[in-house]
Amino acid sequence: MATTDSGMSAVVLSPEAGAAPLSLHVRCMASGAVQLRMEESSMAPRWESPDIVTKETLEPATGVGMLSGADASVAEHLHTTADASVMAFTNAAGQQVQVVINPSPLSIKVFVEAQEMVAINTL
Amino acid sequence: MCAHALLCTSRRGLYRGKLYLEQRRNGGGAARTTAEAAGTGQAEPQRKILDWGEDGKPIYEDGGAEEDAVAAVAATGADDAGRDTAALGGAGPESFGGHTDSMPNGHVSVGTDISFPSASHVYGIPEHATDLALKNTDGSDGGYSEPYRLYNLDVFEYELDNPMALYGSIPVMVASAAGGATAGVFWNNPTETFVDVTNAAAGKASRWMSESGLFDLWVLPGPTAHSVFKQYALITGTQALPPKFALAYHQCRWNYKDEGDVNQVDQQFEAHDFPYDVIWLDIEHTDGKRYFTWDKPLFPDPVRMQEQLAQRGHKMVTIVDPHIKRDSNYHVHAEAASKGLYIKNPDGSDFDGWCWPGSSSYLDFTAEHVREWWADQFALDKYVGSTLNLFTWNDMNEPSVFNGPEVSMQKDKLSLSGVEHREWHNLYGFYQQMATARGHVKRSGDVARPFVLSRAFAAGSQRVGAIWTGDNAAEWSHLEASVPMLLTINLAGLHFAGADVGGFFGNPDAELMTRWYQAGAYQPFFRAHAHIDAKRREPWLFGEETTQRLRTAVRERYALLPFWYTVFYKSHTEGQPVMRPLWVEFPGDASLLTEQRSWMVGSDLLVAPVMKQGATQVDVVFPGGSSVTWYDVRSFEAVSGGSRASVSAPIDVVPVYQRSGSIIPRQERPRRSSALMASDPFTLTAAIGADGAASGTLFVDDDLTFAYANGAFRHMAFSLQVDGAANGLMQSKHVSGDVAFAPDNVVERIVVLGFPAAPKAVTVTAADGGATNVDFEYDAQSKVLTVRKPQLAISGDWTLTFTG
């Protein structure tokens, strides 16, 4: 599984005024799926203890589903500074997936084989 | 009507174009008010409320006109939506519909904008009674002027063509382009969520705004629909493999009133030679709506009743709702209260809401130990009167609270770990269904697969059972709406879904019943159901002609059970939908992107039922271009793909077509239940493709247990290749599963559609190498070859040779 990491510098996300910085956790899965998860690094989580959603909504890797081989994380990065970054990996079907993060204004784009599939448009 | 219209509007205006996280604030000293009338059962202090209806309206002691609790507080200074405008934009309590949300953390919403640059249409985010291709919410292109709302609610007599919230919520959106490229997103957030859909400068845009929770977004970049489904399934799981009986026909009404009634209905099915697998009991079977109990005068010997049903392979389902009657003499309540298993008020006391039994408490299914305790209630010695033949229906689990805001729970109620209800509202039904399914498994010693039907659902619900679309109506418009609703739910990973056949409210006539059975027979979950005030409508009550038509529709379902079971196996193992929009199977055909009057079962059956009153013709889209031929499953008449045709569909007929290139297994002997078909022979129908080939698969196991997970199954692959001179081979190969599992069913007939010419001989070669000529018949006009009694093992490797 080819995984490239162009710098992995980080992004500081600026939430509403007065709030604490957030960090963006990017997880690339072998299937091609990409998780973008904000973590509130300097404040008490709102309801993550216990984390009701991720504990049960998501299928554990050893769950009852019979999909051959649970999805595996092929790249993970935590973004905490204000630089742009690109994550690229090859999914299980052999296609190139790119996650492009621009910090200001924040936008995240996901490409498959150079075709832009999803854009998260932010500040 | 968006109940929180002001909230939607203000936030949409303020935060346009932003990734948005509103931070937790101090509540500013806002006391957790106990002003909600719900907790006290009083909407108006001067009038005593005796009861609450499912529509959320109080029923007064003086018999006066019902008054909606929302109206009762409209004069209190709240806005038009019933919301305390002073609280918007800041911390502190909010009022809504006579209820106060203390909001101790202030507003903690989260949102973002997501666009799909190449897409022309977006789909998903069930549950809404709306089109398959989601309409815009900015009023453009004939769309709505409000966002889609995701908030599980018990909606009384829901409206069609409306973005209002319904019983379930799956925050998954799929976007497709005219060229076929498909992507999706999963917004992993179970709090109240609004989703806007608009046109973008390029493609489609969406705005997601959730009341609380974290920003946890899964991008499913595809680039095909099938890869999106797999990406999502790998995150949240695949559809649980149902026991086969659950795929058969279910007979339900509110209520079969006693054991005699159940026995009479069962005997009538027998007398009318009408197949069914499961008979259902609604809330009236209980002792005063105390679940896990029986109304003893009406059901004196439920074990005997279930055993009698089981003699002909029939099962029973009883309803078990999440609200627990607050009666200290009721063992379930007494134990739950003493163990501290109920959802709490902010002051730490048990939450007390109103539902069918009256004053009720609600178990905190978000806690694992509560789920285990609930699962234990299904043990045969705990649920007195139950047997392993009894399965479960979890209704009212949004949760429905008759005297709560919008007939649900106040958001500031607390889980046992102290987390507010607002944070996990949309997960409540999922967790109950999970616990119930666990109970079924535990009671069988981890042997049997569960069957649990739920009304509420969430992302992940597919792992624990089936759902239905709630309280629809016996109207043609609801029959029509069932198709895009079920297709949408399937696109969101939850494949075992159905709509009440016949419609819940009201009284269908014979024509509507017939057309609904014909459509329902080709939808994943197939259950007839009726409201307590509806006339009896068992299938023999509409006259002999209609009985015959309904029987035909149900028999078609039973004949195709091996196919359905195999499609569900693929759903379980590959995450692919059972009921599919045409565009999923034929990407790149832009004309299919809004098609919602027909659908595919798996990849090989096209279904286009009549859903208009009085209609005897259906306009059918035959996709796939000229390389695809569609075969009418009854007449075997061939229709070219890439065409549209007005097809004759008299009242006896539901248009269904087999795709060329496929092989479909059937069991065609009429039986009274699926269990009685276990040893029946199979028919394989192969439709030759343009390349002279066809293929298909069959999954067989014991139909009931988890033994397949340890290899006790057979997954067979069939293939056919024929040349223009009628020379060819058809083969059966065992592709997976334990060779020790070898059912002795045989193939009694092979039908080949599109066979080019009469062969001189058809020869069977078994695994041991022995070759035998078999009888066949060829119709040169229809090009149908029928091979009779090859007597091949359905679970064995064999070869059929065609000599031209």
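Which residues in α11(B) meet which residues in α12(B)? I took this up as my opening entry, keeping in mind that the model is predicted.

**Helix pair.** I looked up the contact and found A510(B), M513(B), T514(B), Y517(B), Q518(B) and G520(B) on the α11(B) side, meeting T546(B), R549(B), L550(B), A553(B), V554(B) and R557(B) on the α12(B) side. Sorted by class, this contact comprises 6 nonpolar, 4 polar and 2 charged residues. I then turned to the axes: helix α11 of chain B covers residues 510-520 and helix α12 of chain B covers residues 544-559, and their axes come within 9 Å and cross at roughly 10°. Since angles under 35 degrees count as roughly parallel, I therefore enter α11(B) and α12(B) as roughly parallel to each other.

**T546(B).** I followed one residue of helix α12 of chain B, T546(B), which counts as buried because its relative accessibility is 6%, against a cut-off of under 20%. With residues up to four places away in sequence not counted, I find T546(B) touching A510(B) and T514(B).

**Cores.** I next checked the largest nonpolar core, which has 168 residues, and noted that Y249(B), L363(B), W374(B), F451(B), Y517(B) and W583(B) touch the most other members. Y517(B) had already appeared in my list for α11(B). For F451(B), leaving aside neighbours within four places in sequence, I recorded contacts that include P243(B), F245(B), H250(B), W280(B), F391(B), H440(B), F496(B) and F525(B). There is also a second, separate core of 44 residues, in which I noted F89(A) and V118(A) together with Y148(B) and L150(B), among others.

Conventions:
Residues numbered from 1 in each chain as written. Chains lettered and ligands numbered in written order. Predicted model: local features only at pLDDT ≥ 70, side-chain atom pairs only at ≥ 80, totals over all residues. Heavy atoms only, no water. Axes fitted to C-alpha atoms, helices over the stretch in contact; angles between N-to-C directions. Helix = DSSP H or I, 4+ residues; strand = E, 2+ residues; numbered from the N terminus. Parallel < 35°, antiparallel > 145°, perpendicular 65-115°, else oblique. Contact = heavy atoms within 4.5 Å. Nonpolar A, V, L, I, M, F, W, Y, C, P; charged D, E, K, R; others polar. Core = buried A, V, L, I, M, F, W, Y, C linked by side-chain atoms within 4.5 Å. Buried < 20%, exposed > 50% of the residue type's maximum accessible area, 1.4 Å probe, protein only.
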